[in-house]
Amino acid sequence: AKIEEKAIYERCGSRNMYLNIAINTLKKLTDQGVSGSSNNNKTTGLKKNEKKSALTGIVLYRHLQDYLLTEEQLHENNYPQPSPDKPGSILLKPGMTKTLTTDTSKKVCCRCGKTYGVTPAGKHSRVEECYYHFGRVLTHKLGGLETRYRCCEGVLGSTGCQVAKLHVHDQKENLEGFVKTFVKSPPPDGNHGVFAVNCEVCYTAKGLELTQVTVVDPSLQVVYATFVKPDEEVIDYNTRFSGVVEKDLKNIKTSIRDVQAVLLNLFSADTVLIGHSFEHSLYALKLIHSSVVDTTVLFPHRLGLPHKRSLKSLVADYLQRIIQDD
């Protein structure tokens with residue numbers, strides 16, 4: 001027990017993560033102890049393994065139908081909706097653009113909150129460094145309520161612990177160029193396919209643009225993966241979160257249109273796509289799709305929307321693994 005606890009302590013970068021992992025490890029060990037004391041342990045284990053191996057192909061596809069987002073959930077989680085008046089365009093719910101100024105010569109930085117000037121082409125009108133915090137704001141009860149940034153433990157309102165060369169924005173401005181997955185004839189076994197999809201994005205003058213996409217099948221085999229050249233010049237590669245650096249895109253000629261062509265061939269409108277806050281990936285891909293399983297909806301935050309649990313906390317709670325650690 002001491003060896004296990006020490007290993008957890010050394011792997012965890014914060015007190016909250018340590019508590020999370022330690023508690024869930026204890027729960028896991030307790031569950032193992034309970035099942036181990038059962039007279040039917042071998043039979044139970046066999047049934048579990050049989051059930052697990054059976055969750056493939058059409059069985060998995062049918063099983064996931066119960067977890068697809070409803071029309072209401074797609075709407076309240078801001079999934080891209082096609083514009084009835086303009087093919088290839090989408091509609092945004094009121095408030096999604098977060099625009100704090102109607103002046104087209106100004107933008108609001110999504111990292112530090114400052115307003116900065118832009119030219120008619122969307123370029124920065126002057127060079128100004130951006131000081132920001134990348135961590136979420138956390139509130140602790142220490143005698144009273146204390147609010148600090150997760151990244152550096154700095155108090156709310158303190159100067160950012162990170163510095164970037166320029167301000168950036170994440171406004172959804174370019175609402176055209178969207179494609180919708182096609183309705184296709186069902187395969188002989190009725191399985192339209194199940195895939196997990198992940199996208200990475202960078203900051204350009206147009207906001208967020210796709211730089212990488214990966215598609216994985218139920219057997220965890222990568223069926224499609226590519227870096228993507230953004231339409232606009234890259235302002236910030238968003239490397240801390242994307243892992244993408246300048247040299248990754250150096251000789252890349254694949255455009256978002258090329259990616260869309262591949263995905264429209266690979267998916268149908270009835271293909272089940274799985275992701276975490278998957279609406280962001282669909283905006284990055286400029287893809288309209290409604291057969292979606294979203295882990296932020298399956299495992300909701302206790303405070304409800306707009307709060308969403310991070311993938312990091314879900315993996316820690318349910319898989320006892322640490323990801324995205326520095």
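His169 is buried, with a relative accessible area of 2%; buried means under 20%, exposed over 50% and partly exposed in between, using a 1.4 Å probe on protein chains only. This is a predicted model: local features need pLDDT of at least 70, side-chain atom pairs count only at pLDDT 80 or more, and totals for chains, interfaces and linings use all residues. Side-chain values use heavy atoms, leaving out hydrogens and water, and residues are numbered from 1 along each chain as its sequence is written.

His169 sits in the loop between strand E8 (162–164) and strand E9 (179–180). Strands (E) are DSSP runs of at least two residues, helices (H or I) of at least four, numbered from the N terminus. The side chain of His169 reaches two backbone atoms:

| Backbone atom | Distance from the His169 side chain |
|---|---|
| Gln171 nitrogen | 3.1 Å |
| Ala205 oxygen | 3.0 Å |

Contact means heavy atoms within 4.5 Å. Not counting residues up to four places away in sequence, His169 touches Lys107, Val108, Cys110, Tyr116, Tyr203, Thr204, Ala205, Lys206, Gly207 and Leu208.

His169 also helps line the largest cavity, as do Lys107, Tyr116, Thr204 and Ala205, among others. A cavity is a set of points on a 1 Å grid over the protein atoms alone where a 1.4 Å probe fits but cannot get out; lining residues have an atom within 4 Å of a point. The space in this cavity is about 50 Å³, the volume being that filled by probe spheres set on the points. Its lining divides into five nonpolar, four polar and one charged.

Note on methods:
Polar contact = N/O pair within 3.5 Å; in protein donor to acceptor, adjacent residues only side chain to side chain. 1 Å grid on protein atoms, 1.4 Å probe; cavity = no way out; pocket = protein on both sides within 12 Å on 5 of 7 lines; lining within 4 Å. Nonpolar A, V, L, I, M, F, W, Y, C, P; charged D, E, K, R; others polar.
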